[in-house]
Amino acid sequence: MPHTKSADIRLKVLDRCLRRGGYSTSDLMREVNKELEIYGYSKVTSLNTIRQDMDYITNAYPDIIIEDRKSGRNITYSYQDPESSIFKLPFRDDEMAQLSQCLAILSRFSGTPQTEWIERFIDRFSLSINISAEGKFVVGFDECKELKGKEYFSELVTAICNKQVLAIKYKSFQRGEVKEVLLHPYYLKEYNNRWFLLGKEHGYNTISTLAFDRIEEITPVTGVTYIENPGIDFNKEYFSDIIGVSKYLEREPEKIRLWVEKSLFPYIATKPLHDTQKIENESESGYEVEIQVRPNYELEQIILSFGERMKVLYPESLKSRIRERLIESINNYN
């Protein structure tokens, strides 16, 4: 029997009816058609389809026995063991609720080009355990629905898994022209509602970071041997000494000391700027907080986002850079 959404729905209904028992083939077809109509699928017009579905159940699940009983002029069908089910899974109610939320979370990635596999998985899994990914969400995510480039997500995941070299037409923020990058893709990273692709550009030893929203086109490349990830742990080590995704290897991690106003400190204390954050001094006006990271654009953005309630104490290079950006910002209002 082909695995289609229509076939899955028929099996779900038949499984439910056979557990209850007392249904003729005509009754089973009527129940199946009710469900198919709800989902917008064509009705079953032949009783043979129902019989073939029951044959599939007995052949695919040898432990399940379908009994037939004479009931007047009709023959009715039921599982020999009413507790049998082709969809039965050993989950408790709380585990089922958690699975439902997992499906809801996974469904965030569906609906974009080349994510049909996610939609098929959700459909099949929802039917199998009789829960819906369209139920009430109890987990919310911050996302930009109009973010350009998110349609590349599935294609890039596939390329990484298949070790596929890619030719990427990319338009950076610094340069106006579109440049073609030959990339060996390794990792996808989300930061501040934007997605980034990390990999090794052909002919270079450093890791390149490409923003999804700057990608113009992706083309698989043949004839170029894929260069394996040289052992970089993107899940832990690579991002451990930076904030965000921009990593400049020419800059070593250094101690950054910040003054934090007292009213802001509870926020900083409960949501640290970085894993290395520690409190150095406390005064009537605020706290001195220290982190050890490589300075980058994302660090500057975080410092500037807190306005007058945070300032850089050292290093002088970062302090000067923030001062320059603030002066430029004030000049915009003069």
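In what order do the four strands of the open sheet run? Keep that in mind as you load the file, and remember that you are looking at a predicted model.

**Stop 1: the sheet**

Select strands 8, 9, 10 and 11. They form an open sheet in the order 9-10-8-11, and the pairing is antiparallel. At the edges you'll find strand 9 (278-282) and strand 11, each of which pairs on one side only. Look along the sheet and you can see some turning: neighbouring strands sit at 30 degrees to each other on average, direction ignored.

Now zoom in on strands 9 and 10, an antiparallel pair held over four bridges. For a landmark, click Ile 279, which stands opposite Val 289 in strand 10. Then bring helix 9 into view: it packs on the sheet, where it touches strand 8 and strand 11. The direction of helix 9 makes about 145 degrees with that of strand 11.

While you're here, show the side chains of Arg 257, Lys 278, Glu 280, Glu 288 and Glu 290. These five are linked in a network of salt bridges.

**Stop 2: helix 8 and its cover**

Next, select residues 297-305, which make up helix 8. Which residues of helix 8 are buried? Colour Glu 298, Leu 299, Glu 300, Ile 302 and Ile 303, and you have them. To see what lies over these buried residues, turn on their surroundings: the cover includes strand 4 (179-191), strand 8 (254-261), strand 10 (286-293), strand 11 (310-314) and helix 9 (316-331). Step just past the end of helix 8 to Gly 307, where phi is positive, at about 55 degrees.

**Stop 3: Glu 35 and Lys 12**

Jump back towards the start of the chain and pick Glu 35, in helix 2 (residues 25-39). Is Glu 35 buried or exposed? Its relative accessible area is 13%; since anything under 20% counts as buried, Glu 35 is buried. Show its surroundings too: leaving aside neighbours within four places in sequence, Glu 35 is in contact with Ile 9, Lys 12, Val 13 and Arg 16.

Of those, Lys 12 deserves a click. Glu 35 and Lys 12 form a salt bridge, with the closest N and O atoms 2.8 Å apart. Glu 35 is in helix 2 and Lys 12 in helix 1 (residues 5-20), so this pair ties together parts that are 23 residues apart in sequence. Lys 12 is buried as well, with a relative accessible area of 9%.

**Stop 4: a pair inside helix 1**

Stay on helix 1 and select Asp 15 and Arg 19. Their side chains meet in a salt bridge, 2.4 Å from N to O. Both residues lie in helix 1, four residues apart, which is about one turn of the helix. How accessible are the partners? Asp 15 is buried at 1% relative accessible area, whereas Arg 19 counts as partly exposed at 30%.

**Stop 5: a link between two loops**

For the last stop, select Lys 163 and Glu 228. They form a salt bridge whose closest N and O atoms are 2.8 Å apart. Lys 163 sits in the loop between helix 6 (153-162) and strand 3 (166-170), and Glu 228 in the loop between strand 7 (215-220) and strand 8, so the pair ties together parts 65 residues apart in sequence. Lys 163 is partly exposed, at 42% relative accessibility, and Glu 228 is partly exposed at 45%.

If you'd like to keep hunting, a search of the whole structure finds 19 salt bridges.

How values were computed
Residues numbered from 1 in each chain as written. Predicted model: local features only at pLDDT ≥ 70, side-chain atom pairs only at ≥ 80, totals over all residues. Heavy atoms only, no water. Buried < 20%, exposed > 50% of the residue type's maximum accessible area, 1.4 Å probe, protein only. Contact = heavy atoms within 4.5 Å. Pairing = 2+ DSSP bridges. Axes fitted to C-alpha atoms, helices over the stretch in contact; angles between N-to-C directions. Salt bridge = Lys/Arg side-chain N within 4 Å of Asp/Glu carboxyl O.
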